[in-house]
Amino acid sequence: NGFHSCVFAYGQTGSGKSYSIVGYGENKGIIPLTCADLFRRVAETQNETTAYQVQVTMLEIYNEKLRDLLNPKTAADQLKIRNNASGMYVENIREVA
């Protein structure tokens, strides 16, 4: 059992996507706020019968090129969007647990 989620930011250059996602200084963005709340809830509810696993990937699509934000050395041509019975995924993207 589990949950999957996706945060998608779209807009022209300078419209505030990075600020909304990451934030700046004391103004936290969606990702740091969500992570803080998620791990607080895990800490509050974890017990002997409940286990949690959190996995993260971060992907940028710019000018129709894919970029792995957790492993920027991965060449864009190595990243492919695929679809299988479980749904869509990006082949060769770094997943951090």
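**Notes on a predicted 97-residue model**

1. Let me start with a loop. Glu 26 sits between strands β1 (23–24) and β2 in the chain, in the loop that joins them. This is a predicted model, and Glu 26 has a relative accessible area of 78% in it, so the residue counts as exposed. Taking Glu 26 together with Ser 15, we have two residues 11 positions apart along the chain, with 20 Å between their C-alpha atoms.

2. Now for the overall layout. The protein has two helices and six strands. Read from the N terminus, their order is α-β-β-α-β-β-β-β. Among these elements are helix α2 (30–45), strand β4 (65–68) and strand β6 (87–91).

3. How much confidence does the predictor place in the model? The average pLDDT of the protein is 92, and 100% of the residues score at least 70. By element, confidence is highest in strand β2 (residues 27–28), with a mean of 96, and lowest in strand β3 (residues 59–62), with a mean of 90.

4. You may like to look at the overall dimensions next. The radius of gyration of the protein is 16 Å, whereas a compact globule of 97 residues would come out near 13 Å. Along the principal axes, the C-alpha atoms occupy a box of roughly 45 × 40 × 25 Å.

5. Burial and contacts go well with that point. Of the 97 residues, 10% count as buried. Among contacts with a separation of 6 or more, 27% come from residues 24 or more positions apart. The exposed surface of the protein is about 8600 Å², with 51% of it supplied by carbon and sulfur atoms.

6. A word on charges, in case you plan to look at electrostatics. The protein carries 10 positive and 10 negative charges. The mean positions of the two sets lie 6 Å apart.

7. The loop between β3 and β4 deserves a visit, and Asn 63 is found there. What is the phi of Asn 63? Its value is near 50°, which is positive in a residue other than glycine. Most residues other than glycine have a negative phi. Asn 63 has 61% relative accessibility and the cut-off for exposed is over 50%, so this residue counts as exposed.

8. Glu 64 belongs to that loop too, between β3 and β4. Is Glu 64 buried or exposed? With a relative accessible area of 79%, Glu 64 is exposed. From Glu 64 to Ser 5 the C-alpha to C-alpha distance is 22 Å, with their positions 59 residues apart in sequence.

9. Another positive phi turns up further along. Asn 92, a residue other than glycine, has a phi near 75°. Where does Asn 92 lie? You will find Asn 92 in the segment after β6.

10. Last, a look at the loop between α2 and β3, where Thr 49 is found. Thr 49 counts as exposed because its relative accessibility is 73% and exposed means over 50%. Thr 49 and Leu 66 are 17 residues apart in sequence, and their C-alpha atoms are 39 Å apart in space.

How values were computed
Residues are numbered from 1 along each chain as its sequence is written. This is a predicted model: local features need pLDDT of at least 70, side-chain atom pairs count only at pLDDT 80 or more; totals for chains, interfaces and linings use all residues. Side-chain values use heavy atoms; hydrogens and water are left out. Helices (H or I, at least four residues) and strands (E, at least two) are DSSP runs, numbered from the N terminus. The radius of gyration is taken over C-alpha atoms; the globule rule is 2.2 Å times the number of residues to the power 0.38. Buried means under 20% relative accessible area, exposed over 50%, partly exposed in between (1.4 Å probe, protein chains only). Contact means heavy atoms within 4.5 Å. Accessible areas come from the Shrake-Rupley method with a 1.4 Å probe; for residues, only the protein chains shown count as cover. Lys and Arg count as positive and Asp and Glu as negative; His and the chain ends are not counted. The place of a charge is taken as NZ of Lys, CZ of Arg, CG of Asp or CD of Glu. pLDDT is the predictor's confidence in each residue, from 0 to 100.
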